[in-house]
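I sat down with this model to look up a handful of local features and to write each one down as I went. The entries follow the order in which I looked.

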Amino acid sequence: MSTSSAAPPHGTGRTAQWVRADRDRLIHPNLPSGRTDRTVMVEGHGCYVRDSSGRQYLDATAVLGMMQVGHGRDEIVAAAAAQMGTLECFHLWESMSNDKAIELAVRLTDLAPDGLDRAFFTSGGAEGNEIALRMARFFHYRGGEPERTWILSRKTAYHGIAYGAGSVSGLPVYHEGFGPQLPHVHHLTAPDPYQTAAYDGEDVTEFCLRELRETIERIGPERIAAMIGEPVMSVGGAVIPPPDYWPRVAELLRSHGILLIFDEVVTAYGRTGHWFAAEHFGVRPDLLVTAKGITSGYVPHGAVLVTEDVAAAVTAATGFPIGFTYTGHPTACAVALANLDLIEGEKLLDNATTTGGYLAERLSALLDLPVVGDVRQLGLMLGIELVADKAARTQLPTGTTPVAQALREEAGIILRGNPRSLLINPPLVMDRSTADELADGLHSVLARVEPDGRVRP
C-alpha cells in the first residue's frame, strides 16, 4: 500500500497535495502513465467550474454532454436529500417496485415520441445500449426467429465501452487489444455531409442507403436483429445527417422487420432543442436509449424507452431475465424528476434553440480562419471542424488535442475534441453573454492555430 499522505479536505486549496494524491491513487481514462499534470475540480455553478487553485473555467462540454440544467442547482440537491430521507434505495426485481420509478416511467413515456410506451431503467448510457442490444435479439428469439442476431452500426459511432456497446461502437481504439468483440456486428458508412470525398461524388443519403440495402441483402434480412445509431453523432464530431437520411433508413429497416435503436444518450432531454432528437428527424425508433441529461449528471441514471410490441415480447413467459442492482433506484428517479421539472419550467428546450442559433451565428465568423473548415449546430450541440487544408478537407496532423489544451489553459474554456473536430455541448442554461464569452475565447485561440496544428504564442 502507498504510504503517501492523504489528499486534503475539500476546499483547502492545497493544490500540490491534491495533484500528488491523484497521481498516486487514480486511474484516469485516456491518460498516459507519464503525464503528471492535473486539473482538480472542486466547485461548480451554472456554466462554470472552479479548480483547486481557484481558477474558473467555462464548461463548454456540460461535463461530457450531460449537465443540462447547470452546476450547483439547489432544487436537485433538495430532491435527492428528501428522497434519501424517505426511501433512499430499493430494487425492481420481479413484482417489487417503488413510487419514484413508476412516476418517472410515466413522465418519460408521456414525453417520448408516440409509441414508446414502456421504460427500462439503467445506470448509464453504455448499460442502456447493452440492454437495447439484448432486447433486440431477445425480441426476435421470442418471436420465433432466433437466427436474427446481427447488429448493424456505423463507422465512427460511439455507443459506450461495455463489451456489447463497445463492439457496436465504430472506433478502433475500443477494439484493439481487448480480444474478440461481440460477434455478428457490421459497421456501415456514417452520413457526414462535410466529408464529401467519402461518397465518391454520390449524394450522401443515396450512398448510405445503397450500402445499407446491399448489406441487408448480403447478410440476409432474416439474420439481422437491429440497427443502432446516434441521431446526431456526438463523439464522431457533432455530425448532423441529411434530413432524409433517418426517415429513409427507418422505412427500409421496417420493410425487413429489422428493429431501429436510437442512441440518444447525448441528444435527449433538450440538447437538440427537442426532448428527443427523434422528433427533429420525424422518426419513431423501436428502442430509444437515454442517460446523461436525464439527471443532468447529478447522479448516474438512464432509461431505455421501447414500443409496446418490443416490451410485450421480451417480458412474455418468464419475463425479461436481465436487470441491474440499481435499476429504478428511487433517489436517481427523484433527481431525474426534479431535473425534468427544471428543463420544462425554465423552457430550456427553447433556450437550446435560440442560444444555440445565436452561438452558431457568432461561430460562423470562424469560417474565415484558415484552419476552420465547418461549423455545425443543432440546438446546443455544435462541432467545429479543424483542417490543415480547406480545399482537401484534411484534418490537422496533430488532431485537436493541442488546440483543446490551449483553450483550457489560455482562455479558460473546457471542451472536448476528436481527431477532426472540437465538440461543444454547453449547459442548456447558457445565455447570450456566456455564448459571447465562448465565441470570443474560441476566436482568440483558433486565430493562432497553424495548419500543422501548432498554436502560436
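What follows are my notes on confidence, one sheet, two residues, a pocket and a cavity.

**Confidence.** I am working from a predicted model, so I looked up the pLDDT before anything else. The mean over the chain is 95, and 97% of the residues reach 70 or more. Among the elements, I found the lowest mean pLDDT, 88, in helix α1 (residues 15–25), and the highest, 99, in strand β8 (residues 259–263). Over residues 1–13 the pLDDT is below 50, although this stretch has 17 contacts in the model beyond near neighbours in sequence. Where pLDDT is low, the predicted coordinates should not be read in detail, and I leave the contacts of residues 1–13 uninterpreted.

**The sheet.** I then traced an open sheet of 4 strands, whose order is β1-β2-β3-β14 and whose pairing is mixed. Its edges are taken by β1 and β14 (413–414), and because each has a single partner strand, one side of each is left without a neighbour in the sheet. Strand β1 (residues 41–45) and strand β2 (residues 48–51) run antiparallel and are joined by 4 bridges. Within this pair I noted H45 opposite Y48 of β2. The hairpin of β1 and β2 has 2 residues between the strands, and there G46 takes a positive phi near 60°. At the other edge, strand β3 (residues 56–59) runs parallel to β14, with 2 bridges between them; D59 has I414 in β14 as its bridge partner.

**R118.** Which strand holds R118? I found R118 in β4, and with a relative accessibility of 34% it counts as partly exposed, because that value falls between the 20% and 50% cut-offs. Setting aside neighbours within four places in sequence, R118 is in contact with T109, V304, L305, V306, E308 and A311. I also checked the C-alpha separation of R118 and A303, which is 9.8 Å although they are 185 residues apart along the chain.

**The second largest pocket.** R118 turned up again here, since L92, R118, A119, F120 and T315 are the residues nearest the centre of this pocket, out of 25 that line it. The elements that give two or more residues to this lining are α4 (99–111), β4 (116–122) and α10 (308–314). I recorded a volume of about 700 Å³, and a lining that divides into 17 nonpolar, 5 polar and 3 charged residues.

**The largest cavity.** How many cavities of 30 Å³ or more does the structure hold? I found 1, and about 40 Å³ of space lies in the largest cavity. The residues that line the largest cavity are L188, T189, C208, L212, M227, Y245 and V249, with α7 (204–219) and α8 (245–255) as the elements that give two or more residues each. By class, I count 6 of these lining residues as nonpolar, 1 as polar and none as charged.

**I161.** Is I161 buried or exposed? I put it down as exposed, because its relative accessible area of 57% is over the 50% cut-off. I161 is found in the loop between β5 (150–154) and α6 (163–168), and, not counting residues up to four places away in sequence, I161 touches A126, G166 and Y174. As a last check I looked up I161 against M430, which is 269 residues away in sequence and 30 Å away in space, C-alpha to C-alpha.

Note on methods
Residues are numbered from 1 along each chain as its sequence is written. This is a predicted model: local features need pLDDT of at least 70, side-chain atom pairs count only at pLDDT 80 or more; totals for chains, interfaces and linings use all residues. Side-chain values use heavy atoms; hydrogens and water are left out. Two strands pair if DSSP finds at least two bridges between them. Buried means under 20% relative accessible area, exposed over 50%, partly exposed in between (1.4 Å probe, protein chains only). Contact means heavy atoms within 4.5 Å. On a 1 Å grid over the protein atoms alone, a cavity is a set of points where a 1.4 Å probe fits but cannot get out, and a pocket is an open set with protein on both sides within 12 Å along at least five of seven lines; lining residues have an atom within 4 Å of a point. Grid points are joined across faces, edges and corners, and a volume is the space filled by probe spheres set on the points. Ala, Val, Leu, Ile, Met, Phe, Trp, Tyr, Cys and Pro count as nonpolar, Asp, Glu, Lys and Arg as charged, and the others, Gly among them, as polar. pLDDT is the predictor's confidence in each residue, from 0 to 100.
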